[in-house]
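Reader: I should like to learn how to read the features of a structure that is new to me. May we begin with how exposure is judged?

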Amino acid sequence: MISPAPPRTGRRHNLMDGSTPLVSDRVIFRPPTAPTFVVSTARSGSTLLRWLLDSHPDIACPGETDLAGLVADYVGAAGRLGNPGGMQATLAGAREVASGLMERYLAGSGKRRWVDKSITSALHLDVLRAVWPDARFVFLYRHCMDVVASGLEAQPWGLSDYGFADFAKASPTDHVAALAAYWLDRTTRMVQGEAALRGRSIRIRYEDLVEDPDRALHPVWDLLGVSPAPDVARNAFVESHDAAGPADYKVWQTSSVRGDSVGRGARIPADRVTGRLREAVNELLGDLGYPLVDDRWGCPGPRPAGPASDAGLVDLRIVDGHRVLWRGVLREHDGSLHDPRTVPPAGAVVIVEREAL
């Protein structure tokens, strides 16, 4: 145990100048026995989750560290040297290097547990499990099409960051397919890793997190062995957070937990994700309890007029998030409504959100 954390000063110690002691007159630092890793895709709300966790008085959660990449590189380098001292010595060495960094950071924060949130963790789950056999994991998921929409918004001039580049190279003329393939790859790794970590991992969804942060975080506090933090959604935007490392650029202009980005992927037409890619995406979406990308997908927006389209028809849809609740085709010249299966494709689509009604 440690003494109570000192009052927050609005910023953390600068760990780079060597001024942060491991023992001070206020805090006696003792490293935790088990670290925790947040595992997620990019554009899934992981920075928001990091702020929520970091606002807890017992938890320090810095920005992106790529700690998983660090230990993977250490283990890889030791393997190329023949693992001097054996594999257990290699794993212990990686743990010592990475934990040493995080424990010095933790000492400067005056808190007692560290959580690492890096989007590269999904790539190195096996290494993390081997290096920290007692580690805990929080798997954060978000609907594929919302991740796609967020990725397009964050990278409008080209998919070069967040791990998107290799997928963009594979689909250079179709960024929707590239981002869907990225989501499929990372989420498959996460689901497989989660299955191997039963008993020391939990699953939360971005959509549930923004709807009710306190309720969504209760199992996280239990996993970490800390008491629930009251008013965590408010405190996350009052407390200061380190700006070092990559992060969601929008979070710094946000003042509260908001759910208005849920369902934005419904703006992407379903026919932009097709064939085997759609089948695989839908299989995972179903496993995670999400709406599928199918003929009831929201897909607001105009449909290009073509030879088979009728400019005198308007496709009306009432949507709730990703789902189409009702659909009919309006014939403009007489105001009659028709089943969309009985008329040619409409020249335009009009969307009404359920909440607007």
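Author: A residue is called buried when its relative accessible area is under 20%, exposed when the value is over 50%, and partly exposed in between. Please keep in mind that the model shown here is predicted.

Reader: Is Tyr 74 buried, exposed or partly exposed?

Author: Tyr 74 has a relative accessible area of 33%, and therefore counts as partly exposed. This residue lies in helix H2.

Reader: Which residues make the nonpolar surface patch?

Author: Tyr 74 belongs to that patch together with Leu 70, Val 97 and Leu 101, and the patch covers about 300 Å². Two helices each supply at least two of the patch residues: helix H2 (67–80) and helix H3 (87–109).

Reader: Let us turn to another residue. Where is Ser 150 found, and is Ser 150 buried or exposed?

Author: Ser 150 is found in helix H5, which spans residues 144–154. Its relative accessible area is 7%, so Ser 150 is buried.

Reader: With which residues is Ser 150 in contact, leaving aside its neighbours within four places in sequence?

Author: Apart from those neighbours, Ser 150 is in contact with Arg 43 and Arg 142.

Reader: How should the chain as a whole be described?

Author: The secondary structure comprises 11 helices and nine strands. Of the 357 residues in the chain, 45% are buried. Among contacts with a separation of 6 or more, 74% join residues 24 or more positions apart. The accessible surface of the chain is about 17500 Å², and carbon and sulfur atoms account for 53% of that surface.

Technical notes. Residues are numbered from 1 along each chain as its sequence is written. This is a predicted model: local features need pLDDT of at least 70, side-chain atom pairs count only at pLDDT 80 or more; totals for chains, interfaces and linings use all residues. Side-chain values use heavy atoms; hydrogens and water are left out. Helices (H or I, at least four residues) and strands (E, at least two) are DSSP runs, numbered from the N terminus. Buried means under 20% relative accessible area, exposed over 50%, partly exposed in between (1.4 Å probe, protein chains only). Contact means heavy atoms within 4.5 Å. Accessible areas come from the Shrake-Rupley method with a 1.4 Å probe; for residues, only the protein chains shown count as cover. Patches are made of residues with over 30% relative accessible area and no salt bridge: like charges are joined within 9 Å, nonpolar side chains (Val, Leu, Ile, Met, Phe, Trp, Tyr) within 5 Å. A salt bridge is a side-chain nitrogen of Lys or Arg within 4 Å of a carboxyl oxygen of Asp or Glu.
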